[in-house]
Amino acid sequence: MESITVETYRVKTFRLLLPLWQPFRPGMHYDVRLTAPDGYQAQRSYSIATGPETRNVVDLTVETIEGGEVSPYFHDIVEVGDQVEVRGPIGGPFTWDGSMGGPLLLIGGGSGIVPLMSMLRHRNSTACLVPTLLLYSSRSPENVIYSDELDALSAAGNGFEVEHTFTRTTPDGWDGFARRVDVEMISEVSDRLGIVGRAFICGPEGFVETAANALVDAGIASERIRTERFGPIGTR
Ligand SMILES: Cc1cc2nc3c(=O)[nH]c(=O)nc-3n(C[C@H](O)[C@H](O)[C@H](O)COP(=O)(O)OP(=O)(O)OC[C@H]3O[C@@H](n4cnc5c(N)ncnc54)[C@H](O)[C@@H]3O)c2cc1C
């Protein structure tokens, strides 16, 4: 473990220095395996947050889940210098790189922003100009992960916009979205892109289900939509 960065009060980024770093596509993940002294093992998947242009290391951004086996271990036990067993990079359908084009609609709920951030970092590092809009749903402003970096990317004026929606608490004077993702919201943001060439949705099971249905109801062809659920079901 090379470094640990606090992102929000529930989320930290763990930078792993890999003995054998391998090229990957934005959207891929690593499997992390923990082994207890009695041999009991727990394995979970964590998306790669860095873009493939960042060599030798990968960042995994982990939200702590109360009562969870693996995420609290990362948050409370793992320290800089520790070794962690990982396998990867893994993934297929839920990946994007600049050669796939767009316009690109990214929809993230909570820690579902992580693989989308890898896509955005790749887009930025390669000076890719594919029009891209991120719709990012968080409970409150305090829960927004990568907040400063997202602001900087959208201020760059190279065809990337971020639109936040807050489902519980909004900033003072907020006049943006303040509800769960729905068809009207999808229609409004996709109108801004003109046409949605590719859409990627990532987050908890229920969030992904709702957002994917809203995209289809807004007239976006299902073959353009890729989803990743941060639960037992995985990619579709
Ligand atoms: C492909 C893939 C990529 C993923 N990438 C990331 C990532 O980048 N960052 C990240 O933080 N997580 C990511 N996840 C989720 C991660 O793999 C774990 O599921 C999560 O960290 C919970 O593991 P745990 O061992 O702490 O909890 P568990 O011991 O598995 O679960 C404890 C309890 O919490 C519930 N629970 C599990 N997950 C959630 C959740 N997300 N929200 C609310 N309740 C939950 C369970 O149903 C259970 O009741 C990804 C999952 C997949 C499939």
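Two strands count as paired if DSSP finds at least two bridges between them. Strands (E, at least two residues) and helices (H or I, at least four) are DSSP runs, numbered from the N terminus.

The model is predicted: local features need pLDDT of at least 70, side-chain atom pairs count only at pLDDT 80 or more, and totals for chains, interfaces and linings use all residues. Residues are numbered from 1 along each chain as its sequence is written.

**Exercise 1.** Describe how strand β3 pairs with β4 and with β6.

Solution.
Step 1. Strand β3 covers residues 29–35 and is joined to β4 by 7 bridges, the two running antiparallel. Within this pair, Thr-35 stands opposite Gln-41 of β4.
Step 2. The two strands form a hairpin with 5 residues between them. In the turn, Gly-39 has a positive phi of about 95°.
Step 3. With β6, strand β3 pairs over 4 bridges, again in the antiparallel sense. Here Arg-33 faces Glu-85 in β6.

**Exercise 2.** Give the strand order of the open sheet that contains β7, and state why β9 and β11 each have one side without a neighbour.

Solution.
Step 1. The sheet has 5 strands in the order β9-β8-β7-β10-β11, with parallel pairing.
Step 2. β9 (160–166) and β11 (225–229) stand at the edges; each has a single partner strand, so one side of each lacks a neighbour in the sheet.
Step 3. On average, neighbouring strands of this sheet are turned by 10° against each other, direction ignored. For such angles, axes are lines fitted to C-alpha atoms, for helices over the stretch in contact, and values run from 0 to 180 degrees between N-to-C directions.
Step 4. At one edge, β10 (residues 198–203) pairs with β11 in the parallel sense over 5 bridges. Ile-201 stands opposite Thr-227 in β11.
Step 5. Helix α2 (residues 113–125) packs on the sheet and touches β7 (104–109), β8 (132–138), β10 and β11. Contact requires C-beta atoms, placed from the backbone, within 7 Å. The direction of α2 makes about 145° with that of β7.

**Exercise 3.** Work out which parts of the chain supply the shell around the ligand, and how its residues divide.

Solution.
Step 1. The ligand is surrounded by 21 residues, the closest being Ser-47, Gly-68, Val-70, Ser-71 and Val-114. A residue is near the ligand if its C-beta atom, placed from the backbone, lies within 6 Å of it.
Step 2. β4 (41–47) and β5 (57–63) each give at least two residues to the shell. The largest share, 4 residues, comes from β4.
Step 3. Domain 1 (3–90) and domain 2 (98–229) each contribute at least three residues.
Step 4. The shell divides into 7 nonpolar, 10 polar and 4 charged residues.

**Exercise 4.** Two residues other than glycine, Ala-127 and Tyr-146, have positive phi. Decide whether each is buried or exposed.

Solution.
Step 1. A residue is buried if 20 or more other C-beta atoms lie within 10 Å of its own, exposed if 12 or fewer, and partly exposed in between, with C-beta atoms placed from the backbone.
Step 2. Ala-127, with phi of about 50°, sits in the loop between α2 and β8. Its 8 C-beta neighbours inside 10 Å make Ala-127 exposed.
Step 3. Tyr-146, with phi near 60°, is in the loop between β8 and α3 (147–155). Tyr-146 is buried, because 23 other C-beta atoms lie within 10 Å.

Definitions and conventions
Two residues are in contact if their C-beta atoms, placed from the backbone, lie within 7 Å. Ala, Val, Leu, Ile, Met, Phe, Trp, Tyr, Cys and Pro count as nonpolar, Asp, Glu, Lys and Arg as charged, and the others, Gly among them, as polar. Domain bounds come from an automatic or database domain assignment.
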